[in-house]
Amino acid sequence: MDGIKKSKVSVIVPVYNDEKYIQICVDSIIFQTYGNLEIILVDDASTDHSLEICQQYAVCDNRINVLHNEQNLGLSKSREKGYRHATGEWICFVDHDDCMNPKAVESLLSHADERTDIISGKYKNVPNRIFEQYVWDEVNRADIQILEHDRAVDLLGDLGRYGVPLCLWGKIYRKTLLEKIPIIRYKKEFPQIYFEDVLLTPALVKACERMKIVDQYIYIHRLDCTSVSMNPNALEFHLQAARAADIVMAQLDEPYARNAYAKFVQNFLLVFSKNWYLVWQYYDKEAVLLHEMEELFEKYYDIYINMRAKKSIVDNICIRLFKANKVLFCMVVCRIWFDCISKIKCYL
C-alpha cells in the first residue's frame with residue numbers, strides 16, 4: 001500500500017499559444033506538495049512564446065520533459081503524444097490554461113489502493129478576471145466516496161452534481177487502465193478527437209474496477225469564451241461531438257447503467273440543439289451535415305420519449321419544442337444562449 005502511495009505520477013499538459021496563462025499552470029504543478037512527478041509539456045506548434053517558456057522551465061526542473069509538434073495536431077493528439085512518453089504508474093491530465101491545488105496530487109494519491117483505478121477531486125469554474133488572483137482554501141481531511149464498477153458507471157450522468165468533471169482533467173488514472181481502452185478503434189472513427197473527453201471519460205469509468213471521489217476542490221477550470229466549444233466556426237467539433245455521443249451511449253446501454261444512460265440521452269438532446277443551430281446558422285444550412293445530425297437526433301428522441309426515467313420538466317419542454325420546430329426553437333432559445341448569455345457568464 002505504501003508503495004502505491006509513493007508511485008510516480010505523470011502530469012501531461014498540452015500547450016498551444018498560451019503564453020499568458022501557461023506559467024500559472026506549470027507553477028501549480030511544479031510546486032505540488034507531492035514530489036515524485038514526471039511533467040510532460042507538449043507544445044502543439046505554438047506561434048507565440050509558449051515553447052520558449054516551457055523550455056525555460058525544463059532547464060530549471062529536471063522533472064520536466066518538453067515535447068514539440070512540428071505542425072499543429074490539436075489537443076487530443078498532443079495529449080496522446082504525452083501519454084505515449086509517460087513513464088509514471090499514474091496519469092494526470094491538466095489543460096494549459098487551468099491550474100491545480102498545490103496539494104492536489106498528494107490528496108488524490110493518498111487514497112490509492114490496489115483495486116482503485118480512478119481518483120477524482122472536485123473542480124471550480126473561474127472566470128478570467130479572477131483566475132490569476134485565485135487563492136486556494138486550506139485542504140483539510142476530506143470525505144471519500146468509494147464507487148465500485150457498476151455504481152461508478154451509473155453515476156456518470158450525475159458526476160456534475162458531485163462537483164466532478166466529465167472531462168479527463170481533475171483526476172488521476174492508473175496507467176494500466178488507459179491501456180484497456182480500445183483507443184485504436186476511436187482513432188479510426190475520430191481521427192481529429194483521438195483523446196476527446198466525451199469519448200474517453202465514460203470509457204475509462206466503464207473499464208475501471210473502482211473509482212473514488214475526494215470531497216476537495218483540487219482543480220480550477222478557467223472559463224474561456226474563445227474555446228472551441230464556444231466557437232461557431234468550429235464545425236468539426238460540433239459535428240464530431242454528436243457522433244462521439246452516439247458511441248458513448250451505445251457503451252452505456254447496460255442494465256446497471258440505466259440512470260447514466262437516461263441522463264446522457266437527455267443531455268445529448270439538449271446540447272444537440274445548440275450544435276444543430278451552429279451548423280444551420282453558420283454553414284449555409286449544409287444539407288448533408290444537417291441530415292446526419294438530424295438522423296442522430298431522431299434516433300435518440302424516440303428512445304427518450306419511451307424512457308421511464310424521471311425527466312426534468314424544463315428540459316423535457318425544450319426537447320419537445322426543438323422536435324416540433326427546430327428553426328423557431330433555435331432562433332429564440334439557442335441564439336439568445338449562444339450569442340448573449342454564454343458570453344456574459346465569462347465576465348461575471
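In this predicted model, the loop between S1 and H1 is home to Asn 17. Its backbone does something a bit unusual to look at: Asn 17 is not a glycine, yet has a positive phi of about 45 degrees. With a relative accessible area of 28%, Asn 17 counts as partly exposed, because buried would call for under 20%.

A second residue of this kind turns up in the loop between S2 and H2, where Ala 45 sits. Ala 45 is not a glycine either, and its phi is positive, at about 60 degrees. Here the relative accessible area is 15%, so Ala 45 is buried.

Next comes helix H1 itself, which covers residues 22–30. Its buried residues are Ile 22, Cys 25, Val 26, Ser 28, Ile 29 and Ile 30. These pack against a mix of strands and a helix: S1 (9–15), S2 (37–43), S3 (64–68) and S5 (99–100) on the strand side, plus helix H2 (50–60).

Further along the chain, helix H12 (residues 287–306) packs with helix H13 (residues 313–324). Their axes lie 12 Å apart and make an angle of about 135 degrees, which means that H12 is oblique to H13. As for handedness, the two helices cross in a left-handed way. On the H12 side, the contact brings in Phe 297, Glu 298, Tyr 301, Tyr 304 and Ile 305; from H13, they are met by Asn 316, Ile 319, Arg 320, Phe 322 and Lys 323. Sorted by character, the residues of this contact come out as 6 nonpolar, 1 polar and 3 charged.

Key:
Residues numbered from 1 in each chain as written. Predicted model: local features only at pLDDT ≥ 70, side-chain atom pairs only at ≥ 80, totals over all residues. Heavy atoms only, no water. Buried < 20%, exposed > 50% of the residue type's maximum accessible area, 1.4 Å probe, protein only. Helix = DSSP H or I, 4+ residues; strand = E, 2+ residues; numbered from the N terminus. Contact = heavy atoms within 4.5 Å. Axes fitted to C-alpha atoms, helices over the stretch in contact; angles between N-to-C directions. Parallel < 35°, antiparallel > 145°, perpendicular 65-115°, else oblique. Left-handed = near helix turned anticlockwise from the far one by under 90°. Nonpolar A, V, L, I, M, F, W, Y, C, P; charged D, E, K, R; others polar.
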